[in-house]
Amino acid sequence: MPSSFIRAKPLQALKLTAVIGSLALGVASFAGVLPGQNLTGLLSLAFFPMILAVVVSAEALLAGYRLVRADYPAARLTAQRGYTAIRVIELVVTVAAPGIFYALIVRIGGEVPGPGAIGLLFIGIGLGLLAYGAVLLRTLVEYYYHRQRTSVSRTDERGGDLAE
C-alpha cells in the first residue's frame, strides 16, 4: 500500500491494518502456531468486530454531519452511487454482525455447555468475517478512488490532456 494512500486515508489504513492483524492472530491461533491458549485468537475474531462497529458508526456519523452541513447534500450522495452503496453496506454489515452475535448470546443466556459454546463461538467468527469483509471491500474501493485521483493529478501535472 503506497504511503500516499496512508496519508490521504489514515482511518482506512488503520482499519485495514487492524483487520489483517486480527485475521492473522485468529489463523495463527487456529493453526496452533501461537504458544499457550489457542482460544485467544479465535475470540478476537468473534469479538473484535464490536470495536470495528463503533469505529465505523462514528465514521458514518461524522460523514452524515458533514453531508448535512454541505451545499446540495442530495447531489453529493447521487454523484457516486456505487461509493455511497459501499459505505452503506459497510455500515450495515459491520453494525449488524456483532449486533446479531450479541442478541444470540443474550437470547441463549445462562450457562452453555462446552460444545454449544464452541458452536456459538464459530457463529461469532462467521459474523466477524462478514464484518471484516465489509471493511476490506470499503478499503479496496477507497484505494481504487485514491488511485484514480492520483493518476489524474499526475496526468494533469505532466501537462497531458485530461480528455484523452
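Arg7 is exposed, with a relative accessible area of 62%; here exposed means over 50%, buried under 20% and partly exposed in between, using a 1.4 Å probe and protein chains only. Arg7 sits in helix H1, residues 3–8, where helices are DSSP runs of H or I with at least four residues, numbered from the N terminus. Its C-alpha atom and that of Val68 are separated by 26 Å, with the two positions 61 residues apart along the chain.

A word on the ground rules: this is a predicted model, in which local features need pLDDT of at least 70 and side-chain atom pairs count only at pLDDT 80 or more, while totals for chains, interfaces and linings use all residues. Residues are numbered from 1 along each chain as its sequence is written, and side-chain values use heavy atoms, with hydrogens and water left out.

**Two helix pairs**

Two packed helices are described by the angle between their axes and the distance between the axes. The axes are lines fitted to C-alpha atoms, for helices over the stretch in contact, and the angles run from 0 to 180 degrees between N-to-C directions. The table sets out the two pairs that involve H3.

| Helix pair | Crossing angle | Axis distance |
|---|---|---|
| H2 (residues 10–31) and H3 (residues 39–69) | roughly 165 degrees | within 7 Å |
| H3 and H5 (residues 81–108) | about 140 degrees | 9 Å |

H2 and H3 are therefore roughly antiparallel to each other, a label for angles over 145 degrees. The crossing of H2 and H3 is left-handed, that is, the near helix is turned anticlockwise from the far one by less than a right angle. Residues of H2 that meet H3 include Leu11, Val19, Leu23 and Phe30, and the H3 residues on the other side include Leu45, Phe48, Leu52 and Glu59; contact here means heavy atoms within 4.5 Å. By class, this contact has 13 nonpolar, seven polar and two charged residues. In that count, Ala, Val, Leu, Ile, Met, Phe, Trp, Tyr, Cys and Pro are nonpolar, Asp, Glu, Lys and Arg are charged, and the others, Gly among them, are polar.

H3 and H5 are therefore oblique to each other, the class left over once angles under 35 degrees (roughly parallel), over 145 (roughly antiparallel) and 65 to 115 (roughly perpendicular) are set aside. The crossing of H3 and H5 is also left-handed. Among the residues that meet are Phe47, Met50, Ala53 and Ser57 in H3, and Leu91, Thr94, Val95 and Phe101 in H5. The contact of H3 with H5 has 14 nonpolar, two polar and three charged residues.

**Residues to look at**

Two serines of H3 are worth a visit. Ser44 lies in H3 and is buried, with a relative accessible area of 18%. Not counting residues up to four places away in sequence, Ser44 touches Ser22, Leu25, Pro49 and Tyr132. Ser57, also in H3, is partly exposed at 24%. Leaving aside neighbours within four places in sequence, Ser57 is in contact with Leu91 and Val95. Ser57 and Thr94 are 37 residues apart in sequence, with 8.5 Å from C-alpha to C-alpha.

Finally, Arg138 has its place in helix H6, residues 114–157, and counts as buried at 2% relative accessibility. Its side chain makes a polar contact with the side chain of Glu90 at 2.7 Å. Such a contact is a pair of N or O atoms within 3.5 Å; within protein, one must be able to donate a hydrogen and the other to accept it, and residues adjacent in sequence count only if both atoms are side-chain atoms. Beyond neighbours within four places in sequence, Arg138 is in contact with residues including Gln12, Lys15, Glu59 and Tyr83.
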